[in-house]
Amino acid sequence: MERTLPRDAYTSDTMFQREREGIFYREWFCGGREEEIPSPGDYMAVNVAGESVLIVRTAEGRLVAHYNVCRHRGSRLVPEGSRGKVGGSIRCPYHAWTYTLEGRLRTAPYLEESDAFGKAELGLCPVGLESWGGFIFLNLSPAEAAARGYDLPSQLGSIPARTQRYCLADLRSGGQITYEVSANWKVLLENYNECYHCGPVHPELCRLVPAFKHRGGSELDWDRGIPHREGAWTFTETGTTHRRPLPHLNEDEQVRHKGELIYPNLMISLSADHVTAYTLWPQDAGHTNIICDFLFHPSELASPEFNPADAVEFWDRINRQDWTICESVQRGMQSRVFQHGYYAPMENASLDIRRYVNEKLAVNRD
């Protein structure tokens with residue numbers, strides 16, 4: 001059997017700092033949904049592994065992102081984790097330096113260009129922003145990414161083609177749950193990336209999708225999708241719902257389940273009538289916050305009978321089972337006898353995290 005990453009990769013603060021610089025600050029990192037900032041002047045401030053990023057919608061309707069740091073004395077421009085409306089400009093609360101929504105310095109009280117002061121050089125520090133499927137992706141090293149031609153499509157690869165009929169950009173959130181999980185972000189992604197654990201950990205899920213426990217999930221065809229039990233076609237307790245399938249799915253997608261993992265922090269589970277999107281927000285080596293969005297077609301959201309509870313309650317149970325077992329893994333790895341784990345043959349997909357981390361930390365050195 002293949003070995004996992006060594007223990008320190010999951011427990012060491014030093015390793016987490018390397019990942020901040022080599023992965024979270026240089027890869028395209030999912031920062032939320034476009035619908036969260038619907039109108040010009042709307043903003044939200046998100047924390048990407050310790051760096052605060054201000055995302056704003058401009059007067060032209062374009063989304064842009066900046067480091068949430070005034071160029072004068074370094075004050076936060078808006079409170080950490082806040083969202084709301086800044087209006088037509090961004091004003092620092094300390095000395096009232098004011099920036100356009102695009103990040104250019106507009107005014108600095110009592111300072112003139114003749115005071116060895118150049119507005120053009122003192123705009124907000126930019127963060128790269130691109131969108132796909134209604135998701136916002138951020139790159140905290142945009143000049144470096146541009147220099148090596150590393151745009152969002154380069155990172156997404158074939159995922160957009162595999163998910164195109166779900167029309168993710170058209171979907172809207174009909175519910176959201178936030179979790180605080182005492183586990184390393186890689187433990188969570190490895191867990192998502194295999195179904196060897198599904199039999200012991202998810203009895204309700206395996207009753208709905210028996211293929212998840214057959215031979216430890218070693219024969220799952222994710223390209224075509226995973227079939228439900230007879231008479232079931234979506235992820236709810238009953239395997240059915242009053243909601244209609246999404247309008248453009250093919251015959252298989254109307255009755256099968258698909259999943260995608262977009263490194264480093266987005267997991268997507270695709271059912272016929274809804275999509276569950278998990279955005280991971282690593283806090284430190286042993287803690288990760290997770291925002292779980294339940295996405296539905298707008299026509300269903302507009303229905304007077306719309307009620308997402310059947311999907312939300314089912315997923316919440318499955319999620320909590322996953323987080324509990326991942327926290328158990330994180331605690332167990334603290335033992336002095338644990339140096340590394342092993343991947344069983346049916347966990348081959350989990351090897352991706354080992355290859356991914358080693359490759360990115362080799363290429364994106366501090």
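## Salt bridges, a pocket and a buried glutamate

The structure holds 22 salt bridges, and the model in which they are found is a predicted one. A few of these pairs can be followed one by one before turning to the pocket and to the surroundings of a single buried residue.

In one pair, the side chains of E36 and R83 meet with a nitrogen-to-oxygen distance of 2.9 Å. E36 sits in the loop that runs between β2 (29-33) and β3 (42-48), while R83 belongs to strand β6 (residues 83-85), so this salt bridge ties together parts of the chain that are 47 residues apart in sequence. E36 itself counts as partly exposed, because its relative accessibility is 24%, and the cut-off for a buried residue is under 20%.

A salt bridge within one helix is offered by D316 and R320, whose closest N and O atoms are 3.0 Å apart. Both residues lie in helix α10 (residues 309-332), and because they are 4 residues apart there, about one helical turn separates them. The general geometry helps here: an α-helix has 3.6 residues a turn, so residues three or four places apart point the same way. The two partners nevertheless fall into separate accessibility classes, since D316 counts as buried at 18% relative accessibility, whereas R320, at 46%, counts as partly exposed.

A further salt bridge joins the side chains of K360 and E359, with 3.8 Å from N to O. Here K360 is buried, having a relative accessible area of 12%, while E359 counts as partly exposed at 45% relative accessibility. Elsewhere, salt bridges that share partners link E21, R26, E144 and R148 into one network.

The largest pocket encloses about 980 Å³ of space. It is lined by 46 residues, of which Y192, N193, G259, E260 and L261 are the closest to its centre. Several elements give two or more residues to this lining, namely the helices α4 (152-156), α5 (159-163), α6 (185-192), α10 and α11 (351-363), together with the strands β14 (256-262) and β15 (266-270). Sorted by class, the lining of the largest pocket comprises 23 nonpolar, 13 polar and 10 charged residues.

One of the elements that line the pocket, helix α6, also has a clear place in the fold: 7 of its 8 residues are buried, so α6 is largely enclosed by the rest of the structure. The buried residues of α6 are W185, K186, V187, L188, L189, E190 and N191. The N-terminal end of α6 is capped by N184, a side-chain oxygen of which lies 2.8 Å from the backbone nitrogen of K186.

K186 leads on to E19, a residue placed in helix α2 (residues 13-24). The side chains of E19 and K186 make a polar contact at 2.6 Å. E19 is buried, with a relative accessible area of 0%, and, leaving aside residues up to four places away in sequence, E19 touches A9, F24, W185, K186, V357 and L361. Two of these neighbours, W185 and K186, are among the buried residues of α6. As for T178, which lies 159 residues from E19 along the chain, its C-alpha atom is separated from that of E19 by 23 Å.

Definitions and conventions. Residues numbered from 1 in each chain as written. Predicted model: local features only at pLDDT ≥ 70, side-chain atom pairs only at ≥ 80, totals over all residues. Heavy atoms only, no water. Salt bridge = Lys/Arg side-chain N within 4 Å of Asp/Glu carboxyl O. Buried < 20%, exposed > 50% of the residue type's maximum accessible area, 1.4 Å probe, protein only. 1 Å grid on protein atoms, 1.4 Å probe; cavity = no way out; pocket = protein on both sides within 12 Å on 5 of 7 lines; lining within 4 Å. Points joined across faces, edges and corners; volume = space filled by probe spheres on them. Nonpolar A, V, L, I, M, F, W, Y, C, P; charged D, E, K, R; others polar. Contact = heavy atoms within 4.5 Å. Polar contact = N/O pair within 3.5 Å; in protein donor to acceptor, adjacent residues only side chain to side chain.
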